[in-house]
Amino acid sequence: MKELLKKYSYLGWILLGAFILAFGMYNIHSRTVITEGGIWGIELLIDHWFGISPAFTAPFLDGACYLMGVVFLGKEFILKSVVGTLSYSFFYAILELFPPMLPDLNSVPLAAAIVGAIFVGVGAGLVVRQGGACAGDDALALSLSNKLHCKISTAYLSTDITVLLLTLTYIPFSEIFYSLITVLLSGWIIERVQNFKIGKNKETKQP
């Protein structure tokens with residue numbers, strides 16, 4: 001029994017990470033001016049300039065990212081990602097049944113950016129640490145990190161910042177500034193969570 005629990009302990013970590021991520025997205029990101037980079041940002045960009053709803057673009061963009069994950073990371077990745085994605089959606093749906101549990105941070109966007117980044121970084125980091133993903137963004141970052149042999153924080157930043165800069169074509173910089181802070185901080189936290197070793201001071205070396 002002990003060996004069985006150890007073998008499937010990754011499921012518990014993925015569920016915990018998905019819940020933390022859903023909690024932060026529902027209580028902070030969905031209530032503030034903080035926008036997103038990555039795949040979600042691309043969907044909003046396409047919707048603004050071409051009038052194509054994310055309802056149509058999301059499956060294709062996320063599907064392409066997960067396909068990359070399978071190619072570069074193997075079949076086990078997609079199995080863990082299915083658990084992560086479904087868990088995130090489930091927890092978010094449950095949270096929507098209740099009023100927000102955190103104070104409204106619209107009046108203090110810097111605090112919203114920092115706290116939001118902590119939830120995203122820890123939540124997504126726990127899932128990524130197990131070799132899975134909760135969204136196309138995570139799958140894309142893991143694939144780029146594996147293929148280009150770069151840090152995962154670099155992979156996140158390269159995609160998120162690129163999309164946020166493109167978003168400046170229709171959103172003022174004053175509204176994007178705090179999103180840049182969230183992107184920078186959450187990417188850094190994800191990498192730290194992914195490489196964290198209990199009882200050791202040194203981080204694991206990136207492949």
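Q: What makes the approach between the backbone oxygen of Ile 28 and the side chain of Thr 32 a polar contact?
A: The backbone oxygen of Ile 28 and a polar atom of the Thr 32 side chain are 3.1 Å apart, and a polar contact is a pair of N or O atoms within 3.5 Å (within protein, one must be able to donate a hydrogen and the other to accept it, and residues adjacent in sequence count only if both atoms are side-chain atoms). The distance of 3.1 Å therefore falls within the 3.5 Å limit. This is a predicted model, in which local features need pLDDT of at least 70 and side-chain atom pairs count only at pLDDT 80 or more, while totals for chains, interfaces and linings use all residues. Residues are numbered from 1 along each chain as its sequence is written, and side-chain values use heavy atoms, with hydrogens and water left out.

Q: Why is Thr 32 called buried or exposed?
A: Buried means under 20% relative accessible area, exposed over 50%, and partly exposed in between (1.4 Å probe, protein chains only); at 15%, Thr 32 therefore counts as buried. Thr 32 belongs to the loop between α2 (9–27) and α3 (38–50), where helices (H or I, at least four residues) and strands (E, at least two) are DSSP runs numbered from the N terminus. Its contacts, meaning heavy atoms within 4.5 Å, are with Leu 105, Asn 106 and Ala 112, if residues up to four places away in sequence are not counted.

Q: How do you know that Glu 76 and Lys 80 form a salt bridge?
A: A salt bridge is a side-chain nitrogen of Lys or Arg within 4 Å of a carboxyl oxygen of Asp or Glu, and the closest N and O atoms of Glu 76 and Lys 80 are 3.0 Å apart, so the pair meets the rule. Both residues lie in helix α5, four residues apart, about one turn of the helix. Glu 76 is called exposed because its relative accessible area is 53%, whereas Lys 80, at 12%, counts as buried.

Q: What makes Arg 192 and Glu 191 a salt bridge?
A: Their closest N and O atoms are 3.4 Å apart, which again satisfies the salt-bridge rule, and the count by this rule comes to two salt bridges. Arg 192 has 29% relative accessibility and is therefore partly exposed, while Glu 191, at 3%, is buried.

Q: Why is His 149 classed as exposed, and what is noted about its phi?
A: The relative accessibility of His 149 is 59%, so the residue counts as exposed. His 149 sits in the loop between α7 (136–148) and α8 (152–167), and it has a positive phi of about 55 degrees although it is not a glycine.

Q: What makes a set of residues a nonpolar core, and which residues touch the most other members of the largest one?
A: A nonpolar core is a set of buried Ala, Val, Leu, Ile, Met, Phe, Trp, Tyr and Cys residues joined through side-chain atoms within 4.5 Å. In the largest such core, which has 16 residues, Phe 77, Ala 139, Ile 152 and Tyr 156 touch the most other members. The elements giving two or more residues to this core are α4 (54–73), α6 (109–129), α7 and α8, and α7 gives the most, with four residues. Another core, of 14 residues, lies apart from it and includes Ile 14, Phe 23, Tyr 26 and Val 120. In soluble globular proteins, nonpolar side chains tend to be buried together.

Q: How do you know that Asp 160 is buried, and which residues does Asp 160 touch?
A: The relative accessible area of Asp 160 is 8%, and the residue is therefore called buried. Asp 160 lies in helix α8 and touches Gly 37, Gly 38, Asp 137 and Val 183, leaving out residues up to four places away in sequence.

Q: Why is Tyr 178 called partly exposed?
A: Tyr 178 has a relative accessible area of 22%, so it is placed in the partly exposed class. Tyr 178 is part of helix α9 (residues 173–195), and its C-alpha atom is separated by 6.3 Å from that of Leu 110, 68 residues apart along the chain. Neighbours within four places in sequence aside, Tyr 178 is in contact with Pro 109, Leu 110 and Ala 113.
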